[in-house]
Amino acid sequence: MNKLAAVSIVGMGYVGLCTAASFASRGIRTIGIDIDHEKVEQIRKGRAPLHEPQLDNILRKAVKDRLLDATTDMSSAADTNTTFLTVGTPSRPDGSIDLTFLKQATTDLGSALRKKSGYHLVVVKSTVVPGTTSNVVQPTLENHAETKVGRSLGLCANPEFLKEGTAIKDALHPDKIVIGSNDKKSANQLTSFYRKFYAYKLPPVILTSPEAAELVKYASNAFLATKISFINTIANIAQRTPGVDVGTVARAIGLDPRIGQLFLKAGAGYGGSCFHKDIQALIDYSNKNGYDPVLFRATEETNEKQATRVVDMAERLLGSLSDKKVAVLGLAFKKDTDDIREAASLRVISQLRKKGARVVAYDPVAIPNAKKILSDQIVYADNPRSTLKGTDCAVIMTEWDQFRKLKPQDFRAYMKTPNIVDARRIYDPEDFRELNYAAIGLGPVNS
Ligand code: UDX
């Protein structure tokens, strides 16, 4: 790797930190910039402020090797060749994108670059609606840096596609690189950065306009979310059809290469920091541009209602949920993360409580985050078996490996009555035949 390469990354959230650690792990001198002092201190000590497989190891090593540093001081961006913007772009209450953090970061970066002599490339990695790089970032940057893109400033839109739980692997082995730019020099510079970084295997590089690059990210997330709502729709139909299991249907349709096997796992609905937020932003963007994207509204509505499907299943098993004790296994929006943002577990727990159930929950890593939202609305257990103790129903909400290890006899031994709602399809229905087992997408057994 080019030892002289030096980059700064503004926003040490999930994407920024994983990108920074991945860059540094391959010899790029990287500076992480964030306004949060505590986070910066933690990173400087080589400790990850979030749970992500592999991150701790590569972060510790990168800090020790002096390839990664962190600071709250934006002026240090000027000492690098390239700055990646990875600040959050949350939703406003009406679903539209909130660009406050991006505008602030761009303003501060522009001011920091004002005195710099020499070329500086700015790369927008934050997920932003089409037009943001050209119409918001560019003028803000030019105003504050007092120079123009195309002169001493470069500007690209370069979305990321990292998945929580495999973010480091995704950063080191992406399936594509999308670079959107209006000036050739910027695009060439970023392409050559990635060519060196992925020297061992450069993925396909799509060079396009900033607007197309921005839309690629939304199209990708909207497609994936729609695929999940699609299979959940089939699951809800399968559940009402004797002798049908949605798993079999998914396997069969997935053999058609036009459909593919991935992202056809029926469940309690998608969660996480991206899908809901990004689809809402895309819907808002589309509406503002004169088109109502009915399909994506349906994707979201199907997802929202999937939590009700799960609660309905528990209610059907128990008759009534009033004053029943329900064990919720899993709080994270998927396994291998402590992230509970938009997690289906939150929607299900809220509905269980509304129906009068008392909830006891367990998650191997997400309890501290869950406590920040649910506080004492539910009881937190120490392990899967103690969660089940004396409960009337168990609902599987996250596909953690340790839940897969539970046997029918565990449920029978610990629960008051072994009613199970497998909202993640982690068990073989055959094994659970003797128990009151209901699962998403599992039709009534043929008699
Ligand atoms: C997603 C995108 O995959 C990633 O490219 C983008 O950059 C950010 O958003 P992430 O939020 O980490 O990544 O999670 P992902 O693995 O995509 O799962 C999202 C949700 O969908 C999870 O709640 C997951 O459990 C659910 N899901 C996924 C299903 O219910 N069924 C599936 O078949 C796949």
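Guide: A polar contact is a pair of N or O atoms within 3.5 Å. Keep that in mind as we look around this predicted model.

Visitor: What makes K334 a polar contact of the ligand?

Guide: A polar side-chain atom of K334 sits 2.7 Å from one of the ligand's oxygen atoms. The cut-off is 3.5 Å, so this pair counts. R424 passes too, because its polar side-chain atom is 2.8 Å from a ligand oxygen. With F161 it's a backbone N or O atom, 3.3 Å from an oxygen of the ligand, so that pair also qualifies. As for cover, the ligand alone exposes 670 Å², and the protein buries 92% of that.

Visitor: Which residues come nearest to the ligand?

Guide: Out of 19 residues around it, E164, K265, F333, K334 and R424 do. By class, that shell has ten nonpolar, two polar and seven charged residues. Helix α8, residues 210-238, gives the most to it: four residues.

Visitor: Where does helix α5 bend?

Guide: At Q138, by about 30°, and a proline, P139, follows within four residues. Just after α5, E146 takes a positive phi of about 55°.

Visitor: Why is V137 in α5 called buried?

Guide: Buried means under 20% relative accessible area, and V137 is on the buried list, so V137 falls below that cut-off. Others on the list include T132, L141 and A145.

Visitor: What do the buried residues of α5 pack against?

Guide: Quite a few elements, among them strands β4 (82-85) and β5 (120-124), plus helices α4 (100-113) and α8. Remember α8? That's the helix that gives the most to the ligand's shell.

Key: Residues are numbered from 1 along each chain as its sequence is written. This is a predicted model: local features need pLDDT of at least 70, side-chain atom pairs count only at pLDDT 80 or more; totals for chains, interfaces and linings use all residues. Side-chain values use heavy atoms; hydrogens and water are left out. A residue is near a molecule or strand if one of its heavy atoms lies within 4 Å of it. A polar contact is a pair of N or O atoms within 3.5 Å; within protein, one must be able to donate a hydrogen and the other to accept it, and residues adjacent in sequence count only if both atoms are side-chain atoms. Accessible areas come from the Shrake-Rupley method with a 1.4 Å probe; for residues, only the protein chains shown count as cover. Helices (H or I, at least four residues) and strands (E, at least two) are DSSP runs, numbered from the N terminus. Ala, Val, Leu, Ile, Met, Phe, Trp, Tyr, Cys and Pro count as nonpolar, Asp, Glu, Lys and Arg as charged, and the others, Gly among them, as polar. The bend at a residue is the angle between axes fitted to the seven residues ending there and the seven starting there. Buried means under 20% relative accessible area, exposed over 50%, partly exposed in between (1.4 Å probe, protein chains only). Contact means heavy atoms within 4.5 Å.
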